[in-house]
Structure formats: C-alpha cells, structure tokens
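Reader: I'm new to this one, and I'd like to know what stands behind the labels people put on it. Can we go through them one at a time?

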Amino acid sequence: MASAVVNIATAALDWVAVAFDAPFAGAVVFGVHINGHLVAEVLLIAVLLFQLTRKSYKPPKKPLTEKEIDDLCEEWVPEPLHPPITKEMKVEPPTIESAAGPHTIIEGKEVVNFASANYLGLIGNENIIDSCVASLEKYGVGSCSSRVFYGTTNDHIDCETRIAKFMSTPDSILYSYGISAIFSVIPAFCKKGDIIVADEGVHWGVQNGLHLSRSTVVYFKHNDMASLESTLEKLTNKKAEKVRRYIVVEALYQNSGQIAPLNSIVRLKEKYHFRVILEESHSFGVLGNTGRGLTEHYGIPIEKIDIITAGMGNALATDGGFCTGSGRVVDHQRLNGSGYVFSASLPPYLANAAIAAVNYLEDNPSVLTVLRRNISLVWEVNCICLLDITCVHVFIIFRGSLF
Amino acid sequence: MSPPLFLLLPPLPPIPPLAVPREIRRMVRLTFPTALLTLIGYGIFFAFGLLRDLFRKLLNWSKSDDPKVFALFSSTARLFAGRIRVKGSSFFYFWQGYAPICPAFEDFYTRRIYHRIQDCFGRPIASAPDAWIDVVERYSNDNNKTLHRTTNTTRCLNLGSYNYLGFAAGDEYCTPRVIESLESYAPTTCSSRADAGTTKLHTELEELIARFVGKPAAITFGMGYVTNSSIIPALVGEGGLIISDSFNHNSIVNGARASGATVMVFQHNSPSQLEELLRKQIVKGQPGTGEPWKKIMVIVEGIYSMEGEFSKLPEIVAICKKYKAYIYLDEAHSIGAVGKSGRGVCELLGVDPADVDIMMGTFTKSFGSCGGYIAASEDIIQYLRYACPAHLYATSMSPPAVQQVISAIKVVLGEDGSNRGAKKLAQIRESSNYFRSELKKTGFVVLGDNDSPVMSIMLYNLAKLPAFSRECLRQNVAVVIVAYPATPVLLARARICISASHTREDLIRGLKVISEVGDLVGAKCLPAEPEKIKFD
C-alpha cells in the first residue's frame with residue numbers, strides 16, 4: 001500500500017519535471033534563459049494578479065431588524081446614577097445657628113470658629129450690615145437678570161470701579177460667584193492650541209477652568225521654581241512663540257497654604273515670555289501691607305501680572321468674585337466670560353457689601369497687623385506643621401477640631 | 001525680497017454657524033428673502049469691519065501688538081538693515097515677544113459689530129428690577145466704544161427682567177424676614193457647605209424646595225450656572241453618554257463637556273429623533289471599543305428661554321423610561337412661574353416628578369434671589385453632598401438670599417396666610433397669554449407657547465435690533481434684544497418677559513409702543529388681523 005502511494009507520488013513528480021523540461025523550457029527569449037523555475041514564477045505572478053483583481057470577500061452585512069434592536073435595547077442595563085452609599089458619605093457637616101464669626105453656635109453650644117475664611121473679621125461688621133440693609137430696601141435681593149440685560153445696577157459699576165481703584169488697575173469685572181471667576185476667565189483667554197503651565201496644587205475651580213479651555217496643560221511640581229523653570233524651558237521653541245502661553249498659579253494655595261514666590265515667577269515669565277494668571281482668592285485682603293495681595297507683598301508693580309482673579313468670599317466677607325487687569329483684558333470678558341454673560345448678576349446688596357469692605361480695609365490697614373499677630377501666636381503655640389514659615393493658612397490644621 | 005503683500009490683508013474672521021434646520025425655519029418663519037437680506041446685511045457689516053481693521057493696521061501699526069504687523073515691520077527692516085536680532089532687542093520694546101492676549105480675529109465680532117450696538121446692552125438701572133425701572137442714561141465720546149454714566153435716569157416699563165412672580169423689588173412678607181436673617185447670619189458664611197457654611201436656613205430651604213417640587217430630597221448651591229457645571233460631571237463620567245437638546249443653555253454644555261462623557265445633541269424638542277438616536281446608540285455602544293454605554297443621560301430644559309416654548313416632556317419621559325435612560329430636567333425659567341400652583345413644567349404638562357430622575361432649577365427668576373438647586377432621590381442627594389465639587393469647595397449661598405427663597409416659596413404655597421401666591425400665578429398666566437395673543441394679532445412673528453411668560457419677537461435683521469431697542473427706550477419701554485452668539489446668526493430677536501407685577505395698563509402701553517416701533521422698523525412680517533385694536 002505504501003509502495004503504491006510512493007509510486008504514484010514519484011510518477012507525479014516525474015511528470016512535473018518533464019513538464020518543466022518541456023521544449024520551451026530551455027529556450028532563450030530576448031536574451032533571457034527560460035528555465036523551469038521561471039515558468040513557475042510567471043505562473044505564480046499571474047495567479048497573484050488574478051486574485052488581486054477579484055473583489056475582496058466580505059460577509060454580507062444584514063442590517064439589524066427592528067425586533068433585534070428592541071431586544072438589544074431591552075438587554076442593556078445601565079449603571080445606577082450613584083455608587084452604593086457608604087458610611088463615609090453619610091457624614092453630615094455641622095449646622096451653625098448664628099453668624100459665622102469668630103464665635104458661633106453649634107447645637108446650642110458656643111464654639112470658636114476656625115473653619116470660616118473670615119480673615120479680616122468682617123462678618124458682623126456694623127457698617128457692612130447697614131449698607132446691606134439699605135441696599136436690600138432699595139433693590140430687593142436678586143437682580144433678576146444677566147449683566148447684559150438690565151441686571152447692571154449703579155452699585156455693580158461702582159464696585160468694579162472701587163476694586164480697580166484699590167488695586168490700581170484700569171478696570172475690573174465682577175462675577176456673581178467666587179469660584180466662577182477663575183473658571184470663566186481661563187476659557188475666555190485660553191483656547192485650543194494655547195499652552196498653559198499650571199501648578200499641580202491648584203484648587204478645583206482652576207482645574208475646571210483648565211479643563212474647559214481645551215488648551216495643552218502642563219503641570220509643574222507644587223510651588224517648585226526649579227520645576228517651573230525646566231517646564232518653561234522645555235516648552236520654549238520657535239513655533240511656540242506664535243501661540244499664547246500662560247502660567248497659572250494661586251497666590252495662596254487653598255490646598256496647602258503655601259505662598260507662591262511671585263518674584264521668581266515674574267522673572268521667569270519675562271525670560272520665557274509667558275503671561276501670568278494669578279488666582280488671589282485667599283490672598284486678597286490678607287497679604288501686603290495694605291491688603292492689596294501678593295503683588296504688594298513682593299513689591300512688584302501690578303502691571304507685570306496680566307490677569308488677577310479673586311473670590312470675595314474670604315477676606316471681604318461677601319459673595320462673588322472679580323477679575324482685574326488691563327482694559328483690553330477686562331473688556332474682552334464682557335462678551336466672552338461665560339460666568340458673566342450666561343448667568344444672573346451678583347445681588348446688589350453683596351456688591352454694596354464689597355464696596356463697604358474695601359473701604360474698611362483701606363481705612364483700617366491696622367486690621368492686617370492684628371491678623372498677622374494672631375497667626376504668629378498660633379505658630380508659636382503649635383509647631384506641628386512643617387509648612388512654609390510664611391504660610392498664613394492656619395485654618396487647615398484646625399479644620400478637624402470643630403467636629 | 002519685498003514683504004509679501006498678503007501680510008497687509010487682515011485675517012478672515014471666524015464664520016458663524018449659519019445652518020438652520022428646516023423645522024426651526026418653519027417655526028420662526030424664516031423665508032428665503034429674509035434670510036438673504038439678513039446675510040447681505042451681515043456681509044455689509046463685515047466688509048466695513050474689515051476695511052476699518054485694514055486702516056487701523058496701516059495707521060496705528062506702531063502701537064499695535066498684532067504679530068502680523070510686526071512681521072511686516074521686521075521683514076521691511078530686514079530689507080534695509082540686513083539681519084536684525086529681534087528677540088530681546090531693546091529697540092523693539094513695544095512688542096515684547098508675546099503672542100497677543102486677544103488676537104485680532106477672535107475679537108473681530110466684539111470690536112466691529114458688538115461695539116456699534118453696545119449701548120443696547122448692559123444698560124445700568126438705578127432702581128429695583130420691578131415692573132417700572134429707572135434706566136440710567138449713558139453717553140459716549142468715541143462712537144460707542146466706551147460708555148459713561150450720567151446722573152439722569154428715565155422711568156421705563158421693564159419688559160426685560162426675569163421677575164416672573166414680582167418678588168424682585170421689596171415684598172411685604174419677604175423683605176422684613178430677609179433683613180432679620182441678614183442681621184442674624186451676616187451676608188455670607190465665608191465657608192463652603194462642607195466646612196462651616198451650612199446654617200439652619202440652608203437645611204430649611206432644602207427641605208422646603210424638595211417638598212415644593214415633589215421629590216424626596218434636595219441640595220442647594222450659590223449659583224445656578226455652577227449647579228449645572230458641577231453636578232453633571234458628578235453624575236456621568238467617562239464611558240457614559242449625554243444626549244442634550246440642541247438649544248440647551250451654556251451651563252449644561254459646559255457641564256457636559258467637563259464630565260468626560262460622550263456628548264450628542266438631538267434636534268430641538270423632537271422626541272422621535274431622540275428615540276432614533278437612543279436606539280442607534282444603545283446598539284452601537286461606545287465609540288471605538290463598541291462596549292455598551294455605562295449610562296445614558298438625556299438633558300432637557302423646562303422652558304427654553306430664547307424661544308419661550310416648553311419641552312415635550314411627557315413624550316421624552318416616556319421614551320427615556322422605555323430605553324432606561326436617565327432624565328435631567330433644567331427648570332431654570334419654569335419653576336415657580338408655570339403650573340397651577342407654580343410647581344413648574346411637570347405640573348403643567350402632567351408629568352409625575354417621580355419619573356424625572358434629576359430636577360434642577362434656579363432661584364433667580366421666579367423667587368427674586370440667587371442660586372440653584374437639585375432635587376432627586378435621597379440616595380442621589382447624599383452622594384452629591386459627598387462628591388459634588390461645588391458643595392465641597394465653593395462658598396455657600398448667602399443667608400439673606402436663602403431666606404428670600406424660603407419666604408417666596410411660602411407665599412407661593414399660601415403658607416404665609418394669604419392668597420397672594422395664587423393671585424400672582426393667575427396674574428402672570430393671564431398677562432402672558434394676553435400679551436402674546438395681542439402681539440400676534442398686530443402682525444409680529446412671536447415665538448412662545450401658551451402659558452409661557454417668555455416670548456420672542458423675531459427681528460432677523462441685525463440693523464433692526466438696535467433700532468428697535470433704541471426707539472423703544474425713547475418711548476420709555478425697556479426691551480431686551482438678542483443676537484449671535486446667544487441665538488443662531490439669522491434669527492436675531494427681541495425677547496419679552498412678563499411679570500406678575502405688570503398691570504393691564506402697563507401691558508397695553510407696552511403693546512402700543514411695540515406696535516408703533518414695529519411699524520417704524522418694519523418688523524411686522526405677518527399681516528395684521530382685520531379688526532383694529534384700539535389702544536388708549
């Protein structure tokens with residue numbers, strides 16, 4: 001049996017050999033010797049070309065029938081809107097029963113309040129309350145409209161002018177919520193294709209603004225100037241000069257309490273031609289001899305910082321936020337700041353409270369001396385933290401003690 | 001080598017999106033001649049704007065911070081002076097090596113079109129935003145580029161503020177309580193809700209608003225815009241699908257973008273197209289991987305503020321229930337203003353609040369305060385208190401504003417011991433229906449459903465807008481005009497908001513003025529009804 005198979009195989013091979021040694025196999029065509037293998041190669045190429053010219057085989061696509069779509073829709077099960085509620089999620093914050101001043105009442109007990117960012121102690125200030133009452137009687141509570149449509153009162157414009165005068169800038173713009181200032185400003189000036197170098201320790205509002213801007217965001221190590229310099233060095237190339245480039249930092253970091261070294265930042269900004277967006281929510285009214293913020297603290301002329309934003313819910317003890325800078329910067333936001341155009345304006349009584357607070361700060365710079373004395377007292381008594389010695393954010397240490 | 005001539009030409013401004021779907025064209029009666037004339041009008045404005053930009057460049061180029069101009073200058077300088085080191089050279093001090101903060105082409109619309117009509121926007125007022133307001137007169141010395149206030153005011157009928165129930169100015173029940181709360185709690189708590197910003201007032205408001213809306217629990221925030229932008233990312237993340245109406249507000253768009261989910265848009269108020277999209281997407285799955293979606297959320301509004309029409313909520317809720325999608329309803333304009341007892345669009349259209357997963361609203365419009373809320377099941381609210389960034393990091397709502405909302409809701413519910421709330425609701429319904437029907441009779445194209453307090457008069461042409469607004473102001477009626485980017489380019493309009501504090505005489509006066517101005521401006525696109533309405 002095996003020998004028969006071998007015989008057949010040998011016979012087949014012989015036949016193939018003969019075919020290859022056919023008369024034309026030894027011919028010379030145009031100076032090319034045609035051997036057996038050439039025939040096989042030509043045949044192979046012919047087969048390949050033939051296959052290439054055929055349409056590729058695709059399994060026929062049947063569109064799904066309505067019933068099949070219905071079945072698939074029924075089978076699909078969505079995740080629940082919220083994850084399972086854990087014990088951690090059920091923790092409730094304390095409910096305060098009086099004004100959030102230095103002393104407040106929780107569950108009938110008087111406690112010392114280290115949790116509110118009431119840096120200048122303006123909660124409960126008589127002048128501010130009186131101006132608010134006058135404003136409430138005149139304007140009511142809400143302004144019922146956007147700034148663009150009859151939501152602008154004289155108080156809003158006065159507040160903007162007052163803040164601009166206090167900060168010695170040409171103009172300022174008022175936002176109706178502290179956190180919305182920064183996340184409206186960043187997308188108004190940074191578009192797709194721009195470069196932003198931001199500190200990794202910035203708070204949620206800034207991160208939201210960076211995300212919404214769709215620019216390329218590069219983070220540098222928290223408050224580390226060497227890291228900032230190397231990041232700026234890496235991003236400087238000839239093409240990058242045509243795009244807008246920003247450094248986004250907070251003056252006093254909400255999450256860590258450290259102060260940004262503005263002198264180094266300005267030096268780097270001028271060396272590498274970046275613009276600076278400075279978030280001064282916690283430093284406005286706190287740093288500097290007269291409370292004008294980080295630029296006064298370091299003695300840097302305010303024209304060197306392109307955009308300054310701040311929330312007024314901290315030192316100024318009112319609500320809302322502002323942004324200040326050159327005239328062009330402020331004017332641009334009146335049509336492009338989403339939190340300005342698409343939102344109702346700040347209630348007039350809060351704008352009044354802001355004016356009263358700024359007036360108080362300008363007339364009583366001694367309140368800052370008291371603040372600094374209190375801070376150094378706490379540092380003397382409690383040396384637990386290894387934070388930067390110029391930090392003024394002591395409340396972070398004590399936040400837990402209220403519970 | 002001579003400087004290339006193309007550097008003298010200004011860059012083209014970004015072309016605004018012009019496409020208007022057929023259904024919308026039919027709804028707003030955008031005919032071909034109107035669209036053509038509007039486009040020609042825009043073309044003329046753009047041409048003049050480009051011409052002015054060119055002259056600005058040629059005449060003021062030494063002061064400009066535009067890199068194109070510098071490139072022209074530097075190449076000219078190179079022609080004469082050989083290679084010049086540009087960077088760091090103290091001679092070129094005016095261009096510091098920075099890209100301009102507002103490039104010329106991004107600002108084109110603001111500088112060349114918006115500045116011409118800037119006096120129609122941002123008009124300051126010197127009184128409360130009640131039925132009648134004192135509009136401050138302004139003047140300009142530099143062709144509307146900057147406006148300065150004067151001390152003169154004009155008493156005008158206010159048809160522009162969102163003061164639906166008339167709580168904007170002082171109210172006899174609300175204001176004393178607000179002042180009391182101001183004296184007890186101070187204007188702010190200087191703290192976020194999670195730290196020390198929760199007062200008894202906040203808890204009371206949350207319980208009250210949940211009860212008012214018909215949901216088990218609620219959470220409040222200090223600003224309506226921030227409510228949308230921070231809640232949507234907390235509920236839907238990557239791997240989820242957000243389907244939002246094409247006319248949704250900017251805050252919803254921002255929130256959807258910030259969430260990281262895939263965002264798709266369905267045709268405005270079209271339940272059939274929504275169903276088609278849902279079916280297709282559930283079958284298709286996530287883009288790229290084809291994995292099934294983690295969750296799908298459909299976002300619609302109660303009243304669309306630019307059109308004044310209600311969403312087709314019953315059909316949309318039915319579709320979402322069938323396909324297991326979550327529904328998020330934004331009632332910014334409808335809460336407190338529509339419905340028999342002011343409970344919003346759900347009450348008006350007969351939808352059970354339990355069928356809507358998340359109900360959002362703001363306190364700015366009907367309650368005369370500020371802030372926003374979310375009402376949903378207890379578990380969802382518990383989770384949001386833990387996970388929502390606005391709750392954890394943003395300052396809590398101002399206590400007097402909270403008290404204003406509490407008092408206003410009590411008035412609406414009749415819990416203050418009077419029936420003023422019911423009277424206000426009846427008044428606003430009657431007034432808005434009367435105003436809209438009269439406007440339609442005089443021949444305007446008016447958008448807005450029955451019972452909606454917001455209506456829009458279509459003006460289309462860009463030149464008619466400032467004419468309409470200025471002429472109305474001259475006759476002591478304050479109206480609001482809206483153009484691109486808040487509306488599509490070809491569909492500019494004037495928007496009217498009726499308030500419960502408008503009396504019948506106010507409305508008749510307003511109708512008379514608008515009718516006259518409409519004749520002057522040529523805004524009456526439809527024939528007037530045969531019977532002439534006599535105005536006193």
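Author: Sure, and let's start with pairing: two strands count as paired if DSSP finds at least two bridges between them. Keep in mind that this is a predicted model.

Reader: What makes E16(B) and E17(B) a pair?

Author: Three bridges join E16(B) and E17(B) in the antiparallel sense, and the cut-off is at least two, so they pair. As an example, Val482(B) has Arg493(B) in E17(B) as its bridge partner.

Reader: How do you know that E13(B) and E14(B) pair?

Author: Strand E13 (residues 446-447) of chain B has two bridges to E14(B), in the antiparallel sense. At least two are needed, so the pair qualifies. Leu447(B) has Ser456(B) of E14(B) as its bridge partner. Six residues sit between the strands of this hairpin, and Gly448(B) takes a positive phi near 135° there.

Reader: And what joins E14(B) to E17(B)?

Author: Six bridges do, with the strands running antiparallel. In this pair, Tyr460(B) stands opposite Ala492(B) of E17(B).

Reader: What order do the strands of the open sheet come in?

Author: The four strands of chain B go E13-E14-E17-E16, with antiparallel pairing. E13 and E16 (480-482) are called edge strands, as each pairs on one side only.

Reader: Why is strand E14 of chain B called largely enclosed?

Author: Seven of the seven residues in E14(B), residues 454-460, are buried, so the rest of the structure largely encloses this strand. Buried here means under 20% relative accessible area. In a regular strand, side chains alternate between the two faces of the sheet. In E14(B), Val454(B), Ser456(B), Met458(B) and Tyr460(B) point one way, while Met455(B), Ile457(B) and Leu459(B) point the other, and all are buried.

Reader: Why is Asn118(A) called buried?

Author: Its relative accessibility is 12%, and the limit is under 20%, so Asn118(A) is buried. You'll find Asn118(A) in the loop between strand E4 (109-112) and H4 of chain A. Asn118(A) and Asn314(A) are 196 residues apart in sequence, yet their C-alpha atoms are 5.7 Å apart in space.

Reader: What about Asn269(B) and Asn476(B): which is buried and which is partly exposed?

Author: Asn269(B) has a relative accessible area of 8%, so it's buried. Asn476(B) has 27%, which falls between 20% and 50%, so that one is partly exposed. Asn269(B) is in the loop between strand E6 (262-266) and helix H9 (271-284) of chain B. Asn476(B) lies in the loop between helix H16 (464-474) and strand E15 (477-478) of chain B.

Reader: What sign does phi have in those two?

Author: Positive: about 55° for Asn269(B), although it is not a glycine. Asn476(B), also a residue other than glycine, has a phi near 65°.

Reader: Last one: what makes Asp130(A) fit for a surface patch?

Author: Asp130(A) has 47% relative accessibility, so it counts as partly exposed. Patch residues need over 30% and no salt bridge, so 47% clears the area cut-off. The negative patch is made of Glu126(A), Asp130(A), Glu180(B) and Glu183(B). Why "negative"? Asp and Glu count as negative, so the label follows from the residue types. Asp130(A) lies in helix H4 of chain A. Helix H4 (126-139) of chain A and helix H5 (174-185) of chain B each supply at least two residues of the patch.

Conventions
Residues are numbered from 1 along each chain as its sequence is written. Chains are lettered from A and ligands numbered from 1 in the order in which they are written. This is a predicted model: local features need pLDDT of at least 70, side-chain atom pairs count only at pLDDT 80 or more; totals for chains, interfaces and linings use all residues. Side-chain values use heavy atoms; hydrogens and water are left out. Patches are made of residues with over 30% relative accessible area and no salt bridge: like charges are joined within 9 Å, nonpolar side chains (Val, Leu, Ile, Met, Phe, Trp, Tyr) within 5 Å. Accessible areas come from the Shrake-Rupley method with a 1.4 Å probe; for residues, only the protein chains shown count as cover. A salt bridge is a side-chain nitrogen of Lys or Arg within 4 Å of a carboxyl oxygen of Asp or Glu. The place of a charge is taken as NZ of Lys, CZ of Arg, CG of Asp or CD of Glu. Buried means under 20% relative accessible area, exposed over 50%, partly exposed in between (1.4 Å probe, protein chains only).
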